[in-house]
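This report covers model confidence, the surroundings of the ligand and aromatic pairing. The sequence and structure come first.

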Amino acid sequence: MQDRPAGNATATPGTPGASEPAIAIERVSKIFGTGAEAVHAVDDVSIAIRKNEFFTLLGPSGCGKTTLLRLIAGFEHPTRGGILLDGEDISELPPYKRPVNTVFQNYALFPHMTVAQNIGFGLEMLGKPKPEIAATVDTMLKLVRMEELKNRRTSQISGGQQQRVALARALAPRPKVLLLDEPLSALDFKLRKDMQIELKRLQHETGITFVFVTHDQEEALTMSDRIAVMSKGKVRQIGSPRDIYDRPAERFVANFIGDTNFLEGEVANLSDENAVVRLSSGASVTAGVPEGVKPAGKVTLVIRPEHAELVPAGDRADLSGRLSNVVYFGTDTHYYVQLAAGEVFIVRQQNTHGGRDSFKEGQPVGVRLKANAAQVLKD
Ligand code: ATP
């Protein structure tokens, strides 16, 4: 599913303006190798990335996200399709002629140079005057909060500090677009969380369009304005983190992002945006419908565990079953309900301070679905 029309700025050649996307990826495919060996790394992908957007390419290993990033950077050329930057076709431009910079997973800093020399390196290559380089390096050092370490060699600073230098170096020439290929993956958990906030701040303060690649769904949900979920070279869904999480359109997206319950049912009634679906329990549930889809007959519903509530058996429940397992996670508790129809349905409830568990394993229970909890899947 591609983006919703209302939110999807499309490139109109010859009419530059606010509605023009920063990057328009138009029906791009990249095939490596030929014949039986051919790998469709990117398969007919179209995305319009807006100006000043924090846009994330999310997907499992091998789904094509790095290849797509390399196509934007110019390290690869599309087999088919075009890439426009501010309305201009850049598909054939070499990387150094694109107003785009990349931060790599391994930072690729020069260990024998100081922090300041690393940050100024790209500007020197561009032949900028020395006073201008010095002023920009100072600004960048402040931006990434590394003023005090500017004369240290990068071999003598920590991983998180190296990451800041790599970011400062990539931001120094003021690119229109910054590409980030899993830049936080080498950091430990705590530092990674700090750098997520730091990256958001940098993007906000510089106003540069960020295209971020990750396989970590939580990282994508917390940092992005919009996310493209990819699998097998294709974009499966584009939307805000909330759209993607609450309204996954396909089974792959629902499964890849967060924990999910699937329920089978049959469409009883259909309106513009909703379907009334009858479950095997006899309950009727109103479910959202992905754009452009007209479901009929048997369908699968997706329901997030926290969008349901555990209730005593029979208490206006949409589903009924037996509580098979209770798992305490500190912040919340997961209840596994073996439904009468056979499936296991997970309910996640937040724990309250001093609260006590009133449900016991083995007892009959009901599950009540919250309003707008259900979504029909396309597949
Ligand atoms: P990861 O998260 O593991 O980096 P990814 O989603 O970034 O994965 P890509 O690196 O874009 O995936 O690779 C997509 C597919 O293209 C994979 O099957 C990969 O093996 C293949 N591929 C990538 N680069 C090449 C290449 N130069 N030659 C042949 N196949 C390639």
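## Confidence

In this predicted model, pLDDT stays under 50 over residues 1–17. For that stretch the model has 35 contacts beyond four places in sequence.

The protein as a whole has a mean pLDDT of 89, and 94% of its residues reach 70 or more. In the protein, strand S9, residues 226–231, has the highest confidence, at a mean of 98. Confidence is lowest in helix H5, residues 189–206, where the mean is 87.

## Shell around the ligand

The residues around the ligand begin in sequence with Phe-32, Val-39 and Ala-41. They continue with Pro-60, Ser-61, Gly-62, Cys-63, Gly-64, Lys-65, Thr-66 and Thr-67, and also include Glu-182. By class, the shell has 5 nonpolar, 5 polar and 2 charged residues.

Two elements, strand S2 (39–49) and helix H1 (65–73), each supply at least two residues of this shell. The largest share, 3 residues, comes from H1.

## Polar contacts and burial

Oxygen atoms of the ligand lie close to both backbone and side-chain atoms of the protein. On the backbone side, an N or O atom of Cys-63 is 3.0 Å from a ligand oxygen, and a backbone N or O atom of Gly-64 lies 3.1 Å from an oxygen atom of the ligand. Thr-66 takes part through its side chain, in which an N or O atom is 2.6 Å from a ligand oxygen.

Taken alone, the ligand exposes 630 Å². The protein buries 57% of that area.

## Aromatic pairs

The structure holds 6 aromatic pairs. One of them joins Phe-54 and Phe-212 in a tilted arrangement, with 5.6 Å from centre to centre and 50 degrees between the planes. Phe-54 lies in strand S3 (residues 54–58) and Phe-212 in strand S8 (residues 209–214), so this pair ties together parts that are 158 residues apart in sequence.

Note on methods. Residues numbered from 1 in each chain as written. Predicted model: local features only at pLDDT ≥ 70, side-chain atom pairs only at ≥ 80, totals over all residues. Heavy atoms only, no water. pLDDT = per-residue confidence, 0-100. Helix = DSSP H or I, 4+ residues; strand = E, 2+ residues; numbered from the N terminus. Contact = heavy atoms within 4.5 Å. Near = heavy atom within 4 Å. Polar contact = N/O pair within 3.5 Å; in protein donor to acceptor, adjacent residues only side chain to side chain. Areas by Shrake-Rupley, 256 points an atom, 1.4 Å probe, with all protein chains shown as cover. Nonpolar A, V, L, I, M, F, W, Y, C, P; charged D, E, K, R; others polar. Phe/Tyr/Trp six-rings, centres within 6.5 Å; stacked < 30°, edge-to-face > 60°.
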